[in-house]
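Reader: I would like to go through this model chain by chain. Please keep the answers short.

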Amino acid sequence: MHERGIRKRLSSASGRVGQFLSPSPRLRPWFYVGPSLFLLFLFLVYPAIETIVLSFFGPNSHQFVGLANYRYAFTDSTMLTSFQNNAIWLVIFTIFTVALGLVIAVLVDRVRYERVAKSVIFLPMAISMVGASVIWKFMYAFKPEGIAQIGLLNQIVVAFGGKPIAWLIHSPWNNVALIAVGVWLWTGFCMVVLSAALKNIPKQLLEAARIDGANEWQVFLKVLLPLLWPTATVVTTTMIVFVLKIFDIVYVMTNGNYNTDVIANLMYKQAFLFGNYGRASAISVILLLVIVPMMWINIRRFKGQMEMR
Amino acid sequence: MLKRALTLLLIVTMVGGLGVWAVAQQKTVSIAVTWSGQELQAFQDVIAQFQKETGITVNVEPIGRDLATVLVTRFKAGNPPDVAAMPNPGQMKQFVDENALVPLESIINMNQQPKGFTDLTTVDGHCYGIFMDADVKSLVWYDPKVFKAKGYTVPTTWDELINLTQQIARSGGTPWAIGLESGAASGWPGTDWIEDLMLRIAGPQAYDLWIQHKISWLNPDVQAAWRAFGEIALNPKYVYGGTSGALSTNFGDAANPLFTDPPGAYMLKQATFMQSFIQQADPNLVAGEDYDIFPFPPMGPGLPTPIEGSGDLVSVFNNTPESQALIKYLAGAEAQTIFCQKLGKLAVNNTVNPDIYTNPISKKAFEILSNAQVFRFDASDSMPAQVGSGTFWTGVLDYVNGTPLDTVLTKIEQSAQEAYK
């Protein structure tokens with residue numbers, strides 16, 4: 001009762017202020033969202049429109065070239081390689097981060113040292129992408145046979161009598177080596193979100209399933225997984241959006257050489273190295289078009305989840 | 001009490017404001033550079049002397065190998081450094097196309113700048129950049145003690161060089177050290193090989209036409225130059241660590257295996273600036289005794305040895321009295337003497353006394369350069385960035401990594417046809 005009274009008083013107070021500031025109640029919401037809409041337009045909508053416009057112009061944005069930049073983007077061999085690599089990233093990175101995150105979240109839920117385990121796995125998230133890439137460049141370091149290996153992986157290979165491998169040079173495995181860095185960084189994120197969702201599942205449900213005779217595997221598949229599904233979808237789409245824009249790891253570790261280039265890195269090269277703003281804009285528009293559906297699914301899912309609660 | 005506190009606050013604010021104003025009034029100039037390590041230290045010495053003489057404060061911004069990106073971004077944002085090192089003449093011309101740079105011919109004493117260098121930075125009759133120093137690129141580094149002990153002689157023709165390579169390989173050694181890794185600029189050391197070979201196989205006129213893309217990348221001479229490079233670089237018996245070693249070794253570390261016992265490799269083709277890296281890796285090595293240079297030989301006996309060079313280029317974005325003073329100083333003899341003496345680089349200003357080259361390597365390089373009948377600037381640095389800092393670099397990496405030459409050259413040719421439009 002008491003709470004209701006306060007709310008009533010509050011709403012009447014804001015009503016009075018609102019009346020004073022905007023006479024029409026229909027205009028009132030615009031008054032509140034106005035500033036953020038303005039900023040959104042200035043920093044997001046305007047640059048996006050400008051980029052789309054520039055993508056139809058030449059290198060220096062002077063002459064109109066029609067769809068030439070898009071034709072380049074879909075025919076150039078480097079571009080095609082990067083599409084292929086982005087697809088490899090998309091599949092391997094997303095599957096591994098989400099699956100590992102899920103498995104770890106479920107497993108650590110059952111042990112006493114859960115916090116320690118989770119902290120250790122989440123720790124890489126605290127390292128910047130560039131920092132992590134530099135660290136892993138050392139992990140993958142290659143020295144010719146016969147001298148001391150400074151890279152951990154090659155030291156292990158050599159210790160077991162193998163020959164040192166240039167991990168970052170031989171295609172297509174160098175792509176996997178790069179993706180492994182991303183997985184190392186982002187599994188912690190998936191784990192934390194899924195683990196939080198797991199904690200929200202009422203224990204009674206699991207107990208009921210167990211009393212009904214379900215084994216642990218059935219509990220996981222038939223009870224836990226369906227309940228975690230909405231969260232898993234949001235995490236997955238978040239990872240997909242993230243991985244489509246992947247740049248730092250590739251730029252620092254191979255700079256796209258040896259067939260490891262990705263779309264974002266080519267956009268960067270076109271804009272800042274070759275000074276071709278038309279092509280750079282076209283590439284970023286393509287990237288935007290690929291990402292938007294994912295964002296849409298993500299937001300819809302997220303909304304659905306909120307409503308479910 | 002409150003009043004007193006407020007008064008105090010007011011005074012502090014005023015004094016502070018005055019201080020800020022005074023700092024803002026101080027004469028300053030900013031300069032963005034690529035150098036790091038010893039090179040940056042030597043440049044700081046140059047700047048210290050400049051500050052002492054003029055009282056102008058210089059903000060040195062060491063940006064590193066991403067300089068091209070940073071300069072483009074800052075220029076587009078309307079916030080370029082006053083003065084900046086340029087990655088190469090090709091990219092300098094891109095800035096000239098956007099009216100970003102200040103013509104220098106009325107600011108500096110052009111008589112002290114050799115025409116061979118100012119020609120590279122002159123667009124439509126205006127000179128937009130000066131070279132602070134020159135590096136001789138057509139050099140091979142070796143350990144004279146090891147050569148003497150093993151009975152190897154310094155080759156004077158390409159055939160002798162190949163013979164020596166085979167001889168070393170037959171006796172169980174690895175003749176060459178190659179380091180192509182250089183972060184975002186990986187591949188450039190290989191372009192130096194190909195350029196030097198192009199200069200020798202096709203001659204200087206063809207070399208110039210090649211830079212201007214009046215010769216196709218699929219031209220037989222260009223192919224011959226690549227194949228000659230491949231004859232060494234693609235042979236795992238000739239290169240320390242094989243192709244993987246060449247691709248993953250940083251150019252700065254490439255000389256290290258020359259000085260191990262037994263030597264991991266015997267020869268390294270790299271420019272004069274390699275000396276500072278050798279010194280950094282092992283300060284106990286003595287120039288001329290523990291390591292020495294010989295000119296990359298010409299194709300046949302009796303032919304002149306063409307020399308390829310490069311240098312550190314500086315241009316001005318903002319025309320202020322301070323930036324004028326700085327560029328004038330950097331173009332002058334004093335600055336170049338300090339800089340080059342420290343680093344074993346060669347000065348460009350023609351009033352610099354050759355006696356400053358006390359280091360035997362610098363002395364030798366200076367002699368090689370002064371006696372050169374044919375001198376050409378680094379070709380990749382003079383090409384448009386899309387080729388010279390793009391497909392040429394990646395082409396070298398792909399070629400060494402096993403991509404067929406036709407595929408590599410077709411790709412470069414494609415990008416060149418767009419870039420030279």
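The questions below cover chain A, the contact between chains, and then chain B.

Reader: Before the details, what kind of model is this?

Author: The coordinates do not come from an experiment on record here; local features need pLDDT of at least 70. Side-chain atom pairs count only at pLDDT 80 or more. The model is predicted.

Reader: How many helices and strands does chain A have?

Author: Read along its sequence, chain A follows the pattern α-α-α-α-α-α-α-α-α-α-α-α-α. No strand interrupts that pattern. The count is 13 helices and zero strands.

Reader: What radius of gyration does chain A have, against a compact globule of 309 residues?

Author: The C-alpha atoms of chain A fill a box of roughly 80 × 70 × 30 Å along the principal axes. A compact globule of 309 residues would come out near 19 Å. Chain A has 25 Å.

Reader: What share of chain A is buried?

Author: A residue is buried if 20 or more other C-beta atoms lie within 10 Å of its own. Of the 309 residues in chain A, the buried ones make up 33%.

Reader: Which classes of residue does chain A bring to its contact with chain B?

Author: The contact takes 13 residues from chain A and 23 residues from chain B. On the side of chain A, no residue is charged. The rest are four polar and nine nonpolar.

Reader: Where do the two domains of chain B lie in the sequence, and how far apart are their centres?

Author: Domain 1 of chain B covers 29-135 + 311-371. Domain 2 of chain B covers 139-305 + 383-419. Taken over C-alpha atoms, their centres are separated by 27 Å.

Reader: Which helix gives the largest share of the domain 1 side of that domain contact in chain B?

Author: In chain B, 20 residues of domain 1 are in contact with 19 residues of domain 2. Helices α2 (37-54), α4 (89-97) and α15 (360-371) of chain B each supply at least two residues of the domain 1 side. By class, that side has six nonpolar, eight polar and six charged residues. The largest share, five residues, comes from α15(B).

Reader: Which strands stand at the edges of the four-stranded open sheet in chain B?

Author: Strand β7 (residues 139-142) of chain B pairs antiparallel with β10 (residues 292-295) over four bridges. Three bridges join β7(B) to β9 (residues 267-269), also antiparallel. B:Trp141 has B:Ile293 as its bridge partner in β10(B), and B:Tyr142 has B:Met267 in β9(B). The order is β8-β9-β7-β10, with mixed pairing, and one side of each edge strand has no neighbour in the sheet, because each has a single partner: these are β8 (176-177) and β10 of chain B.

Reader: Is helix α8 of chain B enclosed or open to the outside?

Author: Helix α8(B) spans residues 188-201 and reaches 20 Å from its first C-alpha to its last, close to the 20 Å expected. B:Gly203, with a positive phi near 90°, follows α8(B). Of its 14 residues, 14 are buried, so α8(B) is largely enclosed.

Reader: Is B:Val374 buried, exposed or partly exposed?

Author: B:Val374 lies in the loop between α15 and β12 (375-377) of chain B. Beyond its neighbours within four places in sequence, B:Val374 is in contact with B:Pro204, B:Pro304, B:Pro306 and B:Ile307. With 16 other C-beta atoms within 10 Å, B:Val374 is partly exposed.

Key:
Residues are numbered from 1 along each chain as its sequence is written. Chains are lettered from A and ligands numbered from 1 in the order in which they are written. The expected span of a helix is 1.5 Å times one less than its number of residues. A residue is buried if 20 or more other C-beta atoms lie within 10 Å of its own, exposed if 12 or fewer, and partly exposed in between; C-beta atoms are placed from the backbone. Two strands pair if DSSP finds at least two bridges between them. Two residues are in contact if their C-beta atoms, placed from the backbone, lie within 7 Å. Ala, Val, Leu, Ile, Met, Phe, Trp, Tyr, Cys and Pro count as nonpolar, Asp, Glu, Lys and Arg as charged, and the others, Gly among them, as polar. Domain bounds come from an automatic or database domain assignment. The radius of gyration is taken over C-alpha atoms; the globule rule is 2.2 Å times the number of residues to the power 0.38.
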